[in-house]
Amino acid sequence: MTDYLIENRRFWDAYAPEWVERGEAAWRAERPYWGIWETPESELGLIPSDLAGRSVVELGCGTGYVSRWFEQRGAFVTAVDLSSQQLATAKRFAAQFQSEVTFIQSNAEATPLPDHCADLVVSEYGAAIWCDPYRWIPEAARLLAPGGRLIFLGHSPWSMVCSDNDGEAVSNTMMRSYFELYRMDWTSAAVDPGGIEFNLPLSKWFQLFREQGLRVDDYLEIRAPMDRLPDRFSMAWEWARAYPSEQVFKLTKV
Ligand SMILES: C[S@@+](CC[C@H](N)C(=O)[O-])C[C@H]1O[C@@H](n2cnc3c(N)ncnc32)[C@H](O)[C@@H]1O
């Protein structure tokens with residue numbers, strides 16, 4: 001395994017207990033919500049209405065609630081994660097909530113799943129930020145049947161450019177090159193050390209999608225809600241009212 005996979009698995013195995021409470025709330029949620037600002041599904045429309053009988057794969061499922069939301073709408077869901085501890089939580093919730101989601105421990109960049117097995121691939125802050133885009137986007141494209149959809153949500157490139165590796169809150173200062181945006185290592189951060197994440201400038205995301213036969217149907221930039229909220233994950237509400245802290249891609253395999 002490459003260095004970032006080993007480091008991120010170690011990080012998530014250790015961090016898993018802190019995600020249990022948040023995960024349980026999301027498993028219980030009657031109305032799905034997304035990302036750091038808990039933006040309602042009704043605003044983003046990430047869950048298609050025609051899921052009955054469809055096959056869905058979640059890449060980097062964490063505690064598994066996104067898979068649960070898709071299952072509740074009639075899909076057969078396979079959820080992939082690298083961390084045994086995150087999967088232990090997800091499986092506990094699956095038993096508690098009588099879910100039939102199938103969980104697999106694997107690197108989302110190279111799953112054991114067959115070609116074209118998915119009508120939809122989804123990631124919310126899973127593969128979307130923790131995997132190398134040049135590995136996981138081709139893997140998602142391989143998994144998708146023709147006409148299948150890839151939907152993912154994570155940090156915007158803006159928020160990555162406006163933060164550096166010290167872990168301080170995202171600021172109004174450009175801290176790193178936009179054009180060279182790729183791998184971000186938070187392992188030595190003075191504040192809230194993390195793992196190794198990835199992002200790309202928009203032109204490179206779009207080029208990668210073209211190369212993988214993925215058509216962009218929509219691109220969303222998420223704005224923090226009107227009502228003031230406390231900082232979340234190094235992200236100040238004021239900043240995220242002025243700039244997009246998160247992005248969503250909705251794609252179709254052509
Ligand atoms: C923040 S959680 C995402 C899940 C959930 N949507 C959430 O926001 O809590 C990130 C997950 O990505 C997983 N992850 C990190 N690298 C991965 C990889 N290479 N393959 C599969 N999962 C990975 C971690 O183990 C962790 O459970």
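**Figure 1. The whole chain, seen through its contacts.** Take the contacts between residues at least 6 apart in sequence: 68% of them join residues at least 24 apart. This is a predicted model, and its chain holds 10 helices and 11 strands. The radius of gyration is 17 Å, close to the 18 Å that the globule rule gives for 254 residues, so the chain is as compact as a globular protein of that length. Along the principal axes, the C-alpha atoms fill a box of roughly 45 × 40 × 40 Å.

**Figure 2. Surface and charge across the chain.** Of the 254 residues, 56% count as buried. The accessible surface adds up to about 11,400 Å², and carbon and sulfur atoms account for 51% of that. As for charge, the chain carries 24 positive and 36 negative ones, and the mean positions of the two sets sit 4 Å apart. Side chains of opposite charge can pair when their charged atoms come close. A search of the whole structure turns up 11 salt bridges, and the next three views zoom in on some of them.

**Figure 3. Glutamate 24 pairs with arginine 28 in helix H2.** Here the closest N and O atoms of the salt bridge are 2.7 Å apart. Helix H2 covers residues 20–28, and because glutamate 24 and arginine 28 are four residues apart in it, about one helical turn separates them. How open is each partner to the outside? Glutamate 24 is partly exposed, at a relative accessible area of 24%. Arginine 28, at 51%, counts as exposed, since the cut-off for that label is over 50%.

**Figure 4. Arginine 68 and glutamate 71 meet in helix H4.** Their side chains form a salt bridge, with N to O at 2.9 Å. The two residues are three apart in helix H4 (residues 65–72), so the separation is about one helical turn. Buried or exposed, which is it for this pair? Both glutamate 71 and arginine 68 are buried.

**Figure 5. Glutamate 139 and arginine 142 bridge along helix H7.** In this salt bridge, the closest N and O atoms lie 2.8 Å apart. Both residues belong to helix H7 (residues 133–143), where they are three residues apart, about one turn of the helix. Glutamate 139 counts as buried, with 7% relative accessibility, while arginine 142 is partly exposed at 25%. Elsewhere, Asp50, Arg54 and Arg149 are joined into one network by salt bridges that share partners.

**Figure 6. Alanine 52 in its loop.** Where does alanine 52 sit? Look in the loop between helix H3 (41–44) and strand E3 (55–59). Alanine 52 is exposed, with a relative accessible area of 62%. Leaving aside residues up to four places away in sequence, alanine 52 touches Arg73 and Gly74. Glutamine 72 is also worth picking out in this view: alanine 52 and glutamine 72 are 20 residues apart in sequence, and their C-alpha atoms are 9.2 Å apart in space.

How values were computed: Residues numbered from 1 in each chain as written. Predicted model: local features only at pLDDT ≥ 70, side-chain atom pairs only at ≥ 80, totals over all residues. Heavy atoms only, no water. Salt bridge = Lys/Arg side-chain N within 4 Å of Asp/Glu carboxyl O. Buried < 20%, exposed > 50% of the residue type's maximum accessible area, 1.4 Å probe, protein only. Rg over C-alpha atoms; globule rule 2.2 N^0.38 Å. Contact = heavy atoms within 4.5 Å. Areas by Shrake-Rupley, 256 points an atom, 1.4 Å probe, with all protein chains shown as cover. Lys, Arg positive; Asp, Glu negative; His and termini not counted. Charge placed at Lys NZ, Arg CZ, Asp CG, Glu CD.
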